[in-house]
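Here's a quick tour for anyone meeting this structure for the first time. Have a look at it below, then read on.

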Amino acid sequence: MPDPGIPPAGTAAPGEAAERDFAVVGTPFRRVDGRAKVTGSTRFADDLSWPRMAFVKLARSTVPHARIRGIDLTRAERVPGVLGFLTGADLPSTFGILPVSQDEHALARDLVRHVGDPIAAVAATSEDAAHEAALAIEVDYELLPTIGSVEEAIATPEPRLHGYADRGNLHKVVSMEFGDVEAGFAEADRVFEDLFFYDGNTHLPLEQHATVALPEDEGRVTVWSSTQTPHYLHRALTRVLGLPASHIRVVATPNGGGFGGKSDPFGHEIVCAAMALKLGRPARIALTREEVFYCHRGRHPVLMRLRTGVRADGTLTGQSLETTLDGGAYGSYGVASTYYTGALQTVTYRLPRYRFEAIRAFTNKPACGPKRGHGTPQPRFGWEVQLDKIAVELGLDPAALRLRNLEQPGTVTANWLRLGTVGLGSCIEAVVAGSRFRERWGRMPEGRGLGLACGSYLCGAGLPIYWNHMPQSGVAIHLDRGGGVAVFCGQTEIGQGSDSVLAAVVAEVLGVGLADIRLQVADTAFTPVDLGSYSSRVTLMVGHAAREAAERARETIARAVAAQLEVPAERLVFAERRVFDAADPGRGLAWEEAVIAAEARFGTLATTGSYIPPRSPGKYRGAGVGPSPTYSYSAAVVEVEVDRETGVWRPVQVWIAHDIGRAINPALVVGQVEGSVYMGLGEAMMEESAFRRLPKARSHALVHKFPSVLEYKSLTFEEMPPVTTYLIEEPDPAGPFGAKEVGQGPLLPIPPACANAIFDAVGVRIDQVPIHPHMVLKALEAKAKGRPPRHGPERFPEVEAELKLATGRKSKDGTMTERDEALRAGSVAVLTTKLEGKRGE
Amino acid sequence: MLRLPAFRLRQPTSLAEACRILSGEGPAARVVAGGTDLWPNLKRRNQKASTVISLARVPELAGVRAGGEVRLGAMETLADLERAPALVTRYPALARAIGSISSPVLRNLGTLGGNVCLDTRCTYYDQNEEWRRSIHYCMKAEGRICWVAPSSPRCWAVQSADSAPMLVALDARVRLASSAGEREIPVAALYRDDGIDYLAKRPDEIVAEVALPAESDAAHLRTAFFKLRRRGSIDFGVLSVAVALRTEGGRVTDARVVLGSIASFPSPAGEVARALIGAPLTTESIRAAAQRSRAAATPMDNTDFDPRWRGQVTPVYVERTLRAAAGLDAADGA
Ligand SMILES: Cc1cc2nc3c(=O)[nH]c(=O)nc-3n(C[C@H](O)[C@H](O)[C@H](O)COP(=O)(O)OP(=O)(O)OC[C@H]3O[C@@H](n4cnc5c(N)ncnc54)[C@H](O)[C@@H]3O)c2cc1C
Ligand code: SF4
């Protein structure tokens with residue numbers, strides 16, 4: 001994408017990058033949806049209502065794994081106010097977010113796979129009646145053995161949760177090697193090996209999922225839903241309802257928080273639409289908090305074995321990473337999540353050789369999926385804690401160790417990811433200086449400590465979820481002769497501020513005010529497709545598309561104004577709601593006049609813009625996960641206080657620097673950074689996917705331990721320490737105006753920085769999160785008794801190695817030169833494979 | 001959204017009328033004060049009520065009467081009590097215990113009467129109907145087995161009312177009213193060591209008032225309260241320590257150390273108290289006494305946190321609370 005305003009990376013020093021003046025970009029402004037949000041006028045999905053609306057409730061499985069022998073509706077039918085029912089037989093088609101795992105039914109057909117799996121739906125004239133009726137639905141189950149963990153999934157290949165799994169109940173088995181890692185270890189002075197565990201956790205958005213459906217003429221239907229991905233929901237509805245796509249309109253309402261939890265199409269959304277069509281009435285379903293825990297799609301619990309070769313001077317020679325993911329009962333994004341537990345390991349520090357093996361298991365729990373950071377916070381935790389150990393063992397400064405191995409801008413990594421700008425060095429310097437890390441680390445009074453860690457994240461997944469050659473983001477602009485600018489885009493506001501970014505980009509290019517712009521977003525009938533609010537793709541992709549559409553509009557207007565004023569079009573400036581001659585600023589037209597001139601000359605004014613990410617050099621199986629137009633970087637220092645008598649610890653202060661490329665709205669960027677710190681601290685301190693299995697002799701139960709906001713512990717304001725944020729602005733040509741992502745990346749350094757700080761404070765290693773006080777206390781006791789001062793996983797399950805195939809690239813040392821040669825020659829490397837598994841159901 | 005099941009609401013305007021309705025309706029009726037415990041329990045359907053009797057309009061249950069002793073009306077809100085001058089100056093540890101309950105918003109609604117009658121808690125029980133179906137319920141409601149201790153004949157749900165251990169330590173008394181008359185009993189006698197039958201009061205009795213003896217005020221006792229919980233607000237405790245010490249000539253003459261949120265009733269750590277009596281309030285004597293609290297705490301796996309850890313750190317927090325009462329250092333806070 002040509003970007004005349006931005007010099008190529010590396011030529012501009014940070015402060016002078018903005019050598020072009022911006023009117024909107026870069027200045028903090030109030031988010032365009034802010035007033036409506038704080039005054040309560042934003043209409044979320046469950047605020048929508050129509051006359052004659054039916055209320056829908058789901059009867060969900062109360063057993064973790066069973067065959068459904070029968071569903072008895074007789075008692076439920078007698079509840080006054082009941083309008084109708086749906087069961088699995090009414091919606092036989094499968095769906096799922098990824099084409100390779102279409103494994104869900106809107107309502108269970110014959111199998112239920114976790115407590116909370118939807119079985120039947122009832123509609124009634126009131127929510128109370130619907131609830132009563134749902135409780136009165138009786139299901140006859142034939143119980144099946146349950147799987148509660150990865151180990152159990154390995155040990156229990158049959159009965160299978162899904163027929164399409166790679167092997168038994170292992171949904172996905174991945175193995176890939178880039179360069180000869182063993183040779184790398186042989187070159188190393190030390191090979192560090194650690195086991196880490198990162199527990200699962202959930203998104204906990206304030207808004208519980210809700211959907212409203214309105215049947216229309218000709219058998220059509222409109223569906224409003226709290227979804228992050230209206231386009232993918234549209235596709236799922238088309239598939240399951242069996243209607244032409246053009247007969248279904250999906251509107252994503254503003255999400256009251258998403259964090260990845262509303263990125264899958266869900267059974268309740270399909271059921272709501274089907275019920276509206278069946279009854280010929282509007283229908284609404286609003287989930288309870290407990291049901292949100294059953295939708296889940298949160299962070300996978302991941303166990304890791306990490307081995308890294310290091311020379312005495314701190315140079316990294318190679319790494320082997322093995323991960324196991326507890327996937328829950330469905331595929332969801334799991335195949336991508338699995339690859340993500342390895343994909344971004346290489347983008348921060350130069351790893352010349354890299355091996356990655358992973359398994360994702362099916363278990364009888366709600367499905368895991370993407371949560372802020374999608375699959376990458378877990379290995380990032382392991383990697384950054386291990387680096388801290390390496391630094392301590394080798395007597396190096398943790399910041400210096402990282403800086404010495406820093407990846408370079410524009411590099412292609414061992415696993416074939418092409419990097420953009422790399423602001424990580426500046427991030428590290430900023431937090432090290434801010435926290436006085438070099439002066440204080442290792443020298444604080446007992447019980448106080450500092451920890452440093454870094455991270456990196458995608459600025460949009462390089463590939464769409466289903467294979468196609470179309471744009472991943474589109475924007476249309478219509479100019480009204482009154483000067484109004486209507487902007488149409490499929491993007492979805494989930495609280496992150498994407499509406500504001502879209503408006504700001506258009507306002508910047510056309511030189512108009514934010515108040516001149518009206519947005520129509522996230523509507524599959526009226527807006528060009530944007531794939532959704534996931535993978536931190538919106539600012540970059542929507543930003544490019546919006547910029548292109550706005551530049552085309554500007555060009556059209558410039559031609560008309562140039563003709564009218566008899567000035568060359570290139571000399572025209574668009575600013576402050578005027579179009580004027582740069583050489584003679586008094587000579588110009590007001591914005592409205594300029595639009596009228598253009599409409600008179602060219603007819604009705606509308607333009608479009610779109611964006612497709614650049615192609616990635618990787619050509620191996622699995623290479624689709626990891627590529628991105630560029631990557632954001634973050635570094636954080638956390639200061640903690642640890643109570644040595646109880647193991648209770650708390651963060652005292654956080655310093656975090658984020659490589660944003662350029663902040664389009666610094667206020668929103670800082671908000672995202674602080675929100676990520678908040679969420680990262682929650683994961684480090686307390687959030688966990690705990691399940692209860694009752695004594696097997698007495699019960700078959702396997703339930704979420706506390707599907708409630710009170711007992712599922714996440715941070716409150718009380719626990720939130722002061723956060724000092726540094727924005728590192730080194731504009732990246734890959735981003736619109738140089739911008740990178742900020743929605744997810746800043747979470748990554750937080751959990752490992754906490755663990756590293758606890759080590760600095762009391763000298764014990766906690767190799768897992770969340771770090772509960774009892775773990776710290778146990779490790780302190782071990783230390784006092786002269787045992788290894790550590791708490792963390794002790795075993796890693798051995799999965800047969802037959803799946804592992806070495807790299808097809810016969811390199812002796814896997815150097816970058818060789819990779820560059822291969823790239824130039826356009827040769828395709830086959831670097832990984834898997835066992836032939838039966839595909840489809 | 002979770003919905004309240006239908007019930008009949010009665011709103012009596014005198015204590016006598018409230019008592020009459022309650023005894024007339026029998027066990028299918030429940031009184032409600034602030035509703036911060038009852039409404040969630042009804043929504044989750046682990047409690048049932050065909051009639052709910054609101055105490056909001058009963059004038060006899062309001063007010064703080066401070067003379068020699070201080071009498072607190074059952075309908076006083078927690079927010080008012082945590083700031084009531086009579087408590088802040090004369091019973092500061094109680095004001096603090098009340099101020100540690102739930103969150104500011106809930107304290108605006110929740111009352112003292114509701115707090116002392118708070119249902120016992122357990123992570124197998126404080127769950128929706130649907131969830132409890134998936135474990136076939138438990139002994140406390142509709143089921144047969146206690147999942148916390150499957151071979152145990154009793155329920156181990158936890159008494160988590162934060163005012164309770166402090167009221168016991170202060171030797172407070174509670175006035176109970178019913179259509180059969182009134183009686184006043186020590187708060188300590190209100191609780192039973194049973195997760196199901198946790199109150200010694202009859203179902204037709206209404207808590208009218210809590211009386212704080214003059215001899216328990218700050219002029220007579222050194223007190224402190226500590227509450228251990230995951231987060232600084234909203235959370236129920238997983239251990240609380242209430243301490244009241246009487247000293248003469250630098251030596252302890254009477255001591256009450258009561259643990260909350262660790263058993264089905266506010267449990268006195270008797271050994272600790274006994275070890276303190278006769279001793280001076282020094283770092284060493286306090287540490288030695290606090291060690292004895294380990295045996296008094298047998299936490300089960302039905303709250304937040306690792307149960308073993310909760311037991312393990314009990315002496316640490318008992319020691320710190322004792323030190324705070326002794327004025328050896330500032331209280332750690334709730
Ligand atoms: C999120 C949350 C967090 C909480 N955290 C805490 C906490 O940290 N510590 C804590 O102690 N509590 C906590 N609570 C519980 C509750 O808010 C308080 O205990 C409060 O004091 C209850 O008072 P209430 O007036 O709202 O009780 P209600 O709900 O009205 O009543 C509670 C029970 O007492 C009975 N009752 C009420 N008044 C009387 C009376 N005068 N005579 C006889 N019976 C009566 C009711 O029938 C009912 O069974 C929490 C609640 C929630 C929802
Ligand atoms: S302690 Fe046992 S019986 Fe009591 S509520 Fe908990 S599980 Fe039920």
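## A term to start with

A polar contact here is a pair of N or O atoms within 3.5 Å. One such pair links a backbone N or O atom of B:S160 and an oxygen atom of ligand 1, which lie 3.3 Å apart. Keep in mind that this is a predicted model.

Two more backbone contacts join that one. A polar backbone atom of B:A33 sits 2.7 Å from an oxygen atom of ligand 1, and for a polar backbone atom of B:L38 the distance to a ligand oxygen is 2.7 Å as well. On its own, ligand 1 would expose 970 Å², and the protein buries 94% of that.

## Who surrounds the ligand

Which chains supply the residues around ligand 1? Chains A and B both do, so the site is shared between them. There are 33 residues around the ligand, and the ones that come nearest are B:V31, B:T36, B:L38, B:T111 and B:D162.

Sorted by class, that shell holds 17 nonpolar, 10 polar and 6 charged residues. Some pieces of chain B give at least two residues each to the shell: strand 2 (29-32), helix 7 (112-116) and strand 8 (206-212).

## Stepping back to chain B

Chain B splits into three parts: domain 1 covers 8-56, domain 2 is made of 60-117 + 158-216, and domain 3 runs over 222-326. How far apart are the C-alpha centres of domain 1 and domain 3 of chain B? They lie 35 Å from each other.

Conventions: Residues numbered from 1 in each chain as written. Chains lettered and ligands numbered in written order. Predicted model: local features only at pLDDT ≥ 70, side-chain atom pairs only at ≥ 80, totals over all residues. Heavy atoms only, no water. Domains from an automatic or database assignment. Near = heavy atom within 4 Å. Polar contact = N/O pair within 3.5 Å; in protein donor to acceptor, adjacent residues only side chain to side chain. Areas by Shrake-Rupley, 256 points an atom, 1.4 Å probe, with all protein chains shown as cover. Helix = DSSP H or I, 4+ residues; strand = E, 2+ residues; numbered from the N terminus. Nonpolar A, V, L, I, M, F, W, Y, C, P; charged D, E, K, R; others polar.
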